[in-house]
Amino acid sequence: MSKRKWLASLSLALGTLFGLIGCASGIGGPRMSRGDLKDAKEFVSQNYINFQEGSPARLIGCADGYSNNGSFGTTWSRDNLLYDSDNGLSLFLEITDEQSRIKTDSGDPYVSGEMRSSMTFRYGFFGTYMKPSNVTGTASTFFLYADNPHDEIDIEFLGKDTTKVQFNYFKNDGGGNEYWYNLGFDASKEFHHYGIYWAENEICWYVDFKPVYRLVGENCPSARCQLLANHWAGNTKDFGIMGWMGRVNDDECPSISSYRSIEIADVDGKKMEVLPKLKEYNECPSDDKLAAKPVKFKSVTAYTVADKTSTTEFDISYNKEDITSNYRCVKLSVEGIEDMRWVQFKIKNLHVEDTYPALCRLTVDSYVPGIGTSQNKFLSAWKNGSTGVSLKNSSLEAHYELAVNEEAIMTFRWYGEKANELTLMFDDFGDCPVVNGKGQRDGHLKVSDFKFGGVQDFVPTDNSGYVDELYTKNGEIEDPESDQVPIPAGYVKKDNIVPTNTGNYTMTSTDEGFNMHYTQAAEGYEQCGYYSSNIFDNGVDVILVVKNLAPKEVILQIKIKGSSNYLVSSVDILSNASTGRLARWSSSTPNVPYLGIAGGRTCQFKFTLTEANAKSIAFVANPGTASEGDMLFKGIYCLPRN
């Protein structure tokens with residue numbers, strides 16, 4: 001199995017199971033209490049992903065090229081997520097080479113896989129058909145996880161005894177809630193269904209759709225969580241973790257934990273719609289759906305193109321001494337593909353002197369006037385008509401390998417706005433060894449026989465890729481003004497908060513609040529803000545009510561700052577309608593959230609602050625989400641300290 005690794009996005013580099021084995025901390029407050037199973041809801045099964053159909057790269061990302069360290073003696077690799085029609089998704093734990101061992105603090109030699117959902121969820125039904133490994137020293141998991149604050153709900157199997165399963169939860173990093181359930185069968189022998197029901201004051205665990213353990217109480221996890229599964233071995237230098245899970249007998253490797261499907265439904269039993277309904281994204285198009293088109297050379301960085309006048313094939317070579325950064329490419333333009341959805345070409349690895357395969361990366365770029373940023377995403381990729389090509393999640397990039405002298409036909413399915421340019425990149429830094437800042441491989445490839453086809457059956461209504469189904473109930477668009485919850489008692493509206501004009505922002509007071517008009521999404525650190533010595537009356541709970549007047553989703557960055565540090569520790573979406581989301585946390589500045597607000601919708605965000613000395617609040621309309629628009633800030637409320 002190949003061990004070429006590409007750099008994971010920073011969001012994937014966040015730790016995922018720091019408290020997996022359970023700590024005795026009481027940070028989360030009093031524990032929930034045992035509830036009566038006769039009051040448990042019947043588990044609702046709504047298929048979300050069927051792994052037996054192949055890799056759902058548009059929905060599932062993976063950890064790659066790093067370790068969680070701490071209790072973990074395992075490096076994550078995208079190569080260790082395997083798909084087949086029988087077992088679905090298998091997470092493959094094996095012994096790896098010496099170079100990969102240095103990625104763990106312990107130096108342990110294990111490499112395995114971790115998958116995670118692209119979306120985050122808050123409350124609902126979550127289930128999987130799963131078959132854990134029975135290799136002693138390994139853990140097979142299915143769980144919900146939030147990093148900041150650390151909330152978590154777990155289903156965990158230990159390979160040393162797969163007749164039992166551990167249920168666990170964390171609230172604000174508070175653990176000590178483990179419960180072992182005797183299954184009455186060996187889970188490693190065949191697939192069984194395991195599930196979680198998660199509501200505001202309840203968690204219930206299921207085995208084969210029957211409730212087996214239920215907790216109720218006010219200390220229930222409440223942060224929006226990703227859905228994850230991983231398979232790992234512990235840090236052999238950690239005596240505590242070794243006592244819990246045992247030490248792996250290397251002769252029993254590889255170890256495999258498999259998942260056939262994932263089911264997700266909301267608390268009312270409705271299927272969660274998380275992406276647009278697209279046709280034919282799992283089927284490679286036949287030749288009669290594709291037509292050859294002339295391709296024009298446009299520009300090149302770091303590579304050599306032998307014949308730049310050709311319109312049918314391109315001989316591309318590169319020298320490892322010239323590959324000194326990630327920013328190099330061959331750009332090709334194609335007329336008349338703005339509304340198409342498929343691209344196909346033939347590629348051959350001509351560099352016979354190299355024993356390494358060629359790692360290739362392809363992007364489809366779209367340049368929107370006035371913005372210059374891409375609005376496209378790949379949904380599926382095929383090599384010689386078969387799935388299995390790695391797609392870099394939430395990105396434009398597809399990664400694949402060619403052995404020496406290998407020739408393959410590559411096909412890609414994308415959606416987006418008026419894509420008319422192909423960008424080819426080879427010998428990606430994230431996947432080849434690097435010495436002194438330079439790649440270690442020369443390369444020589446031929447790309448030819450370009451074909452295109454299909455008609456776009458989806459144009460995104462917002463730049464995040466989500467469509468109105470996400471913001472509707474029973475197919476009807478909700479009135480965004482009618483589904484707002486009342487502001488809780490005790491909160492005081494701060495009528496004097498009207499940020500001043502700055503750069504591309506113009507502030508105007510209105511009867512409903514203040515309007516922030518932007519002529520271009522702010523670049524860099526440009527922001528509008530309001531500053532005061534005691535802006536929120538020493539309160540640590542703040543509610544923001546904001547309406548996005550633009551037709552598409554806009555990402556709004558919120559900066560609430562004290563004397564030195566940014567202060568937001570958690571974000572809750574108070575609106576009943578799913579009009580907003582926590583898109584992500586800043587990767588460079590802790591405690592700065594990025595909030596997605598659907599086009600034309602009003603959302604209520606509640607911030608909990610780490611300190612009571614907030615001195616400023618600032619807003620940034622994030623680059624790439626809109627070129628011009630308006631945000632109406634209808635109210636900022638705080639809960640002052642008495």
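## A strand-rich predicted model, read from its loops inward

Asn384 is found in the loop between strand 26 (377-383) and strand 27 (390-391). Please keep in mind that this is a predicted model. The phi angle of Asn384 is near 55°, a positive value in a residue other than glycine. Asn538 shows a positive phi as well, about 65°, although it is not a glycine. Asn538 sits in the loop between strand 39 (528-531) and strand 40 (541-548).

How exposed are these two asparagines? Asn384 has a relative accessible area of 48%, so it is partly exposed. Asn538 also counts as partly exposed, because its relative accessibility is 36%. Most residues other than glycine have a negative phi, and most peptide bonds are trans. The second half of that rule has an exception here too: a cis peptide bond joins Cys253 and Pro254, with omega at about 10°. Pro254 belongs to the loop between helix 2 (239-245) and strand 18 (255-265). If you plan to work from these coordinates, here are the backbone angles together.

| Site | Backbone angle |
|---|---|
| Asn384 | phi near 55° |
| Asn538 | phi about 65° |
| Cys253 and Pro254 | omega about 10° |

### The overall picture

The protein has 2 helices and 47 strands. Of its 642 residues, 55% are buried. Among contacts with a separation of 6 or more, 77% are between residues 24 or more positions apart. The exposed surface comes to about 25800 Å², and carbon and sulfur atoms supply 46% of that area.

Two pairs of residues illustrate contrasting settings for C-alpha distances across the sequence. Tyr48 is placed in strand 2 (residues 47-50), and it counts as buried because its relative accessibility is 11%. Its C-alpha lies 8.0 Å from that of Lys271, while 223 residues separate the two in sequence. Pro486, by contrast, is in the loop between strand 35 (476-477) and strand 36 (492-493). With a relative accessible area of 70%, Pro486 is exposed. The C-alpha atoms of Pro486 and Ser575 are separated by 9.4 Å, and the two residues are 89 positions apart along the chain.

### Nonpolar cores

Which residues have the most contacts inside the largest nonpolar core? That core has 43 residues, and the ones with the most contacts within it are Ile155, Trp198, Ile203 and Trp205. Beyond the residues up to four places away in sequence, Ile155 touches a list that includes Phe142, Phe143, Val165, Phe167, Tyr194, Ile196 and Trp205. Apart from this core lies another, of 38 residues, with Met507, Met516, Val546 and Ala550 among them.

### His193 and the cysteines

His193 is part of strand 14 (residues 192-199). Is it buried or exposed? His193 counts as buried, because its relative accessibility is 0%. The side chain of His193 makes a polar contact of 2.8 Å with the side chain of Glu263. Leaving aside neighbours within four places in sequence, the contacts of His193 also include Phe43, Tyr129, Tyr206, Asp208 and Phe209.

How many disulfides does the structure hold? The number is 0. Cys329 counts as buried because its relative accessibility is 12%. Cys638 has a relative accessible area of 0%, so it is buried as well.

### Strand pairing

A small example comes from strand 5 (residues 81-84) and strand 6 (residues 88-95), which pair in the antiparallel sense over 4 bridges. These two strands form a hairpin with 3 residues between them. Within this pairing, Leu81 has Leu91 of strand 6 as its bridge partner.

Strand 45 (residues 602-609) offers another view of pairing. It is largely enclosed by the rest of the structure, because 6 of its 8 residues are buried. Strand 40 and strand 45 run antiparallel and pair over 7 bridges, with Leu544 having Phe605 of strand 45 as its bridge partner. Strand 42 (residues 568-573) also pairs with strand 45 in the antiparallel sense, over 5 bridges. There, Ser570 stands opposite Thr608 in strand 45.

How values were computed: Residues are numbered from 1 along each chain as its sequence is written. This is a predicted model: local features need pLDDT of at least 70, side-chain atom pairs count only at pLDDT 80 or more; totals for chains, interfaces and linings use all residues. Side-chain values use heavy atoms; hydrogens and water are left out. Buried means under 20% relative accessible area, exposed over 50%, partly exposed in between (1.4 Å probe, protein chains only). A polar contact is a pair of N or O atoms within 3.5 Å; within protein, one must be able to donate a hydrogen and the other to accept it, and residues adjacent in sequence count only if both atoms are side-chain atoms. Contact means heavy atoms within 4.5 Å. A disulfide is a pair of cysteine sulfur atoms within 2.5 Å. Accessible areas come from the Shrake-Rupley method with a 1.4 Å probe; for residues, only the protein chains shown count as cover. A nonpolar core is a set of buried Ala, Val, Leu, Ile, Met, Phe, Trp, Tyr and Cys residues joined through side-chain atoms within 4.5 Å. Two strands pair if DSSP finds at least two bridges between them.
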